[in-house]
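This report describes selected features of a structure, taken from helix packing to a single side chain. The sequence and the structure come before the text.

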Amino acid sequence: MELVEAIILAVLAASTPLLIAATGELVTERSGVLNLGVEGMMIVGAACGFAGAWLTGSILIGALFGIVAGTLMSLIFALMALGLAVNQVATGLALTILGIGLSGLIGAGFVGERITPAAHLYIPGLTDIPLIGRVLFGEDAFVYFSLALIVGVWWFLYRARPGLILRACGDSHVSAHALGYPVLRIRTFAVMFGGACAGLAGAYLPLAYTPFFIPGMTAGRGWIALALVVFSSWRPGRLVVGAYLFGAVTILQLHAQGWGVGIPSQFMSALPYLATVIVLVLLSRARTGGSTAPAALGTVFVPDR
Amino acid sequence: MRKTLLALAAGLLLAGSVSAASAADKLKVGFIYLGPIGDLGWTYQHDLARQALVKELGDKIETTYLENVPEGPDAERAIEQLVRAGNKLIFTTSFGYMDPTLKVAKKYPNVHFEHSTGYKRDKNMSTYSAKWYQGRYIQGLIAAKMSKSGVLGYIGSFPIPEVVSGINATILAAQTINPNIKVKIIWANTWFDPGKEADAAKALIDQGADVIMQHTDSPAAMQVASERGKLAFGQDSEMIKFGPKTQLTSILDTWGPYYIARVKAELDGTWKSEDTWGGLDSHMFAMAPYTNMPDDVKKMAEDAQAAITAGKLHPFKCPVIGQDGKPVECKGGDHLDDGQILGMNFYVKGIDDKLPGK
């Protein structure tokens with residue numbers, strides 16, 4: 001029983017950065033912008049988040065540093081891809097390259113330092129309930145925030161008028177523009193939201209997951225977040241399923257190796273990717289019969305031409 | 001598309017990280033690094049050695065390094081860049097640079113190359129590596145003494161001979177203390193992913209392991225063991241900062257003396273192609289101080305280290321029993337020979353797991 005609880009806790013911790021980063025990217029892509037710079041924004045968020053927490057001793061300020069850093073990175077993207085109408089794929093990739101270099105520079109002075117990781121919730125009585133106590137009432141603030149975030153995004157996209165307008169920009173920027181909506185401004189906000197989330201997701205790594213900073217510590221999580229958005233067919237509900245499924249299979253394959261199941265470890269390491277892709281593809285086939293990508297995703301929009 | 005851009009990215013990174021001080025008629029020595037010099041592990045240790053080299057011979061040489069150079073064909077351009085910049089002795093510090101180094105070496109017969117952990121050589125290309133399994137044997141002794149649960153946790157990177165021989169040396173040593181010792185092995189299938197390494201350490205501890213050892217590069221596992229109140233060994237570098245009450249010892253890569261010796265040979269004109277596989281006796285690596293253990297365990301570790309250094313104790317002394325219960329052919333007299341260790345692709349008896357790919 002204790003082992004089950006330990007596994008669930010590890011799964012939640014492993015899934016949270018993916019969920020936060022993917023939520024941000026989902027909003028960005030729903031507005032019609034493809035920002036492939038998630039990995040770069042994450043790693044800068046990680047470096048700045050650690051720097052903030054180390055300098056002030058506060059995890060909250062560290063998280064805010066991460067959010068601001070991710071947002072600033074996304075503004076570079078917005079300036080290039082929206083302001084100057086440069087190709088979004090190339091700009092996003094360049095942002096990742098920039099982020100990896102920049103984070104190494106920012107983080108250089110902090111390599112080898114330690115901080116106290118984010119505190120876990122403790123409610124006497126509730127947290128002590130066997131099996132579910134620590135899972136429900138003993139997480140760090142990032143985990144609760146990530147769930148609130150995805151619910152908020154779902155509400156915004158499907159129940160609020162601004163969300164409808166944002167989706168309209170993503171499906172047909174010409175129509176949205178014709179109706180008088182400021183397409184580029186809306187997209188800039190969406191890109192900034194994506195950057196803020198990526199920055200926070202990156203900051204989660206040194207603030208809660210492994211409380212130290214090392215260059216390259218995101219190790220490809222930004223790319224996984226991007227893939228999750230595609231395979232969730234741009235729907236918040238499926239995104240949650242995808243992120244947790246990926247985290248769960250990642251942790252379970254490690255445990256399976258420890259138990260000595262005898263399946264080659266190379267296959268086990270590939271399993272999270274395989275399982276997530278298969279399940280999400282099946283989900284989207286069963287419901288809608290095909291991809292539901294925002295129609296204007298990745299296309300350049302220049303008003304009045 | 002993505003590949004081209006990544007290549008472009010690598011190029012940009014390279015261009016950005018060339019660092020050199022210019023001076024006339026000094027010997028130029030170049031280094032190719034796999035990771036960033038701040039990785040606290042493999043590359044960090046190579047750069048410490050470069051710094052030691054500069055300290056020792058700084059008035060006669062100047063050094064240049066390229067960091068974050070990806071393994072594979074891309075490395076060729078980086079190595080050539082160092083050649084064109086006038087470097088006469090070039091150290092390529094990762095296994096994956098083997099073929100690129102050889103290719104460049106054939107093209108520039110007047111430049112000397114030193115490749116780390118590989119097995120291909122040429123007239124102007126040497127190889128060098130360390131017998132880390134000796135250190136793993138000492139760690140196995142300590143682990144068996146310190147484990148209360150009798151279960152060790154081992155995080156592997158890739159099932160290559162270097163890692164497998166480390167696991168075998170560990171378990172052979174541990175069995176001399178506790179014949180029933182168990183080891184749980186998790187392959188991370190990466191050298192560097194702090195999050196995944198931490199998850200692997202958590203899984204091992206949750207399954208009952210109380211001493212964690214790793215063959216991956218970040219201090220994440222050490223830090224998890226510290227958080228959970230368990231014990232652990234560092235890797236490549238001193239990691240005691242991440243577990244002041246956790247680290248038992250760590251295998252430290254100390255390339256400095258080798259680099260100094262090779263550069264001196266180059267300066268004297270006595271450099272020639274060689275294959276160096278050094279152990280504790282030749283200071284190719286060192287053990288971090290033995291900490292967080294009682295005095296008798298510390299003494300045992302120090303005695304074992306002295307015996308290995310003096311050549312009196314060989315981790316793979318015969319008979320070595322394979323998983324099938326049969327002794328492994330003993331090619332080195334009373335111990336396995338170097339070739340058998342360098343190509344080790346089997347588990348010894350006592351490991352209840354299957355070697356991936358077997």
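## Packing of H2 and H3 in chain A

H2(A) passes H3(A) in a right-handed crossing. The model is a predicted one. H2(A) covers residues 38-56, and its axis lies 7 Å from that of H3(A), at an angle of about 145°.

Among the residues of H2(A) that meet H3(A) are A:Gly40, A:Val44, A:Cys48, A:Phe50 and A:Thr56. The H3(A) side of this contact includes A:Ile59, A:Leu64, A:Phe65, A:Gly66, A:Met73 and A:Ser74. By class, the contact of the two helices has 13 nonpolar and nine polar residues, with no charged residues.

## Length and end of H3

H3(A) runs over residues 59-83, 25 residues in total. From its first C-alpha to its last it reaches 34 Å, close to the 36 Å expected at 1.5 Å a residue. Just after H3(A) comes A:Ala85, which has a positive phi of about 55°.

## The largest nonpolar core

The largest nonpolar core has 188 residues. Those with the most contacts inside this core come from both chains: A:Ala21, A:Ala22, A:Tyr204 and A:Leu228 from chain A, and B:Ala201 and B:Ala221 from chain B. Helix H9 of chain A, residues 183-209, gives the most to the core, with 17 residues.

Leaving aside neighbours within four places in sequence, A:Ala21 is in contact with A:Val38 and A:Met42. Its other contacts counted in this way are A:Cys197, A:Ala198, A:Ala201, A:Arg221, A:Gly222 and A:Ala225.

## Where the chains meet

In the contact between the chains, 34 residues belong to chain A and 36 to chain B. On the side of chain A that touches chain B, at least two residues each come from helices H1 (2-30), H4 (88-107), H9, H11 (236-259) and H12 (265-288). H11(A) supplies the largest share of that side, six residues. Classed by residue type, the side of chain A that touches chain B has 19 nonpolar, 14 polar and one charged.

## The surroundings of B:Trp271

B:Trp271 is in the loop of chain B between helix H9 (256-268) and strand S11 (275-278). Is this residue, B:Trp271, buried or partly exposed? B:Trp271 is partly exposed, because 18 other C-beta atoms lie within 10 Å, whereas a buried residue has 20 or more.

Not counting residues up to four places away in sequence, B:Trp271 touches B:His112, B:Arg262, B:Ala265 and B:Glu266. B:Ala301 is 30 residues from B:Trp271 along the chain, and their C-alpha atoms are separated by 37 Å.

Methods. Residues are numbered from 1 along each chain as its sequence is written. Chains are lettered from A and ligands numbered from 1 in the order in which they are written. This is a predicted model: local features need pLDDT of at least 70, side-chain atom pairs count only at pLDDT 80 or more; totals for chains, interfaces and linings use all residues. A nonpolar core is a set of buried Ala, Val, Leu, Ile, Met, Phe, Trp, Tyr and Cys residues joined through C-beta atoms within 7 Å. A residue is buried if 20 or more other C-beta atoms lie within 10 Å of its own, exposed if 12 or fewer, and partly exposed in between; C-beta atoms are placed from the backbone. Helices (H or I, at least four residues) and strands (E, at least two) are DSSP runs, numbered from the N terminus. Two residues are in contact if their C-beta atoms, placed from the backbone, lie within 7 Å. Ala, Val, Leu, Ile, Met, Phe, Trp, Tyr, Cys and Pro count as nonpolar, Asp, Glu, Lys and Arg as charged, and the others, Gly among them, as polar. The expected span of a helix is 1.5 Å times one less than its number of residues. Axes are lines fitted to C-alpha atoms, for helices over the stretch in contact, and angles run from 0 to 180 degrees between N-to-C directions. A crossing is left-handed if the near helix is turned anticlockwise from the far one by less than a right angle, and right-handed if clockwise.
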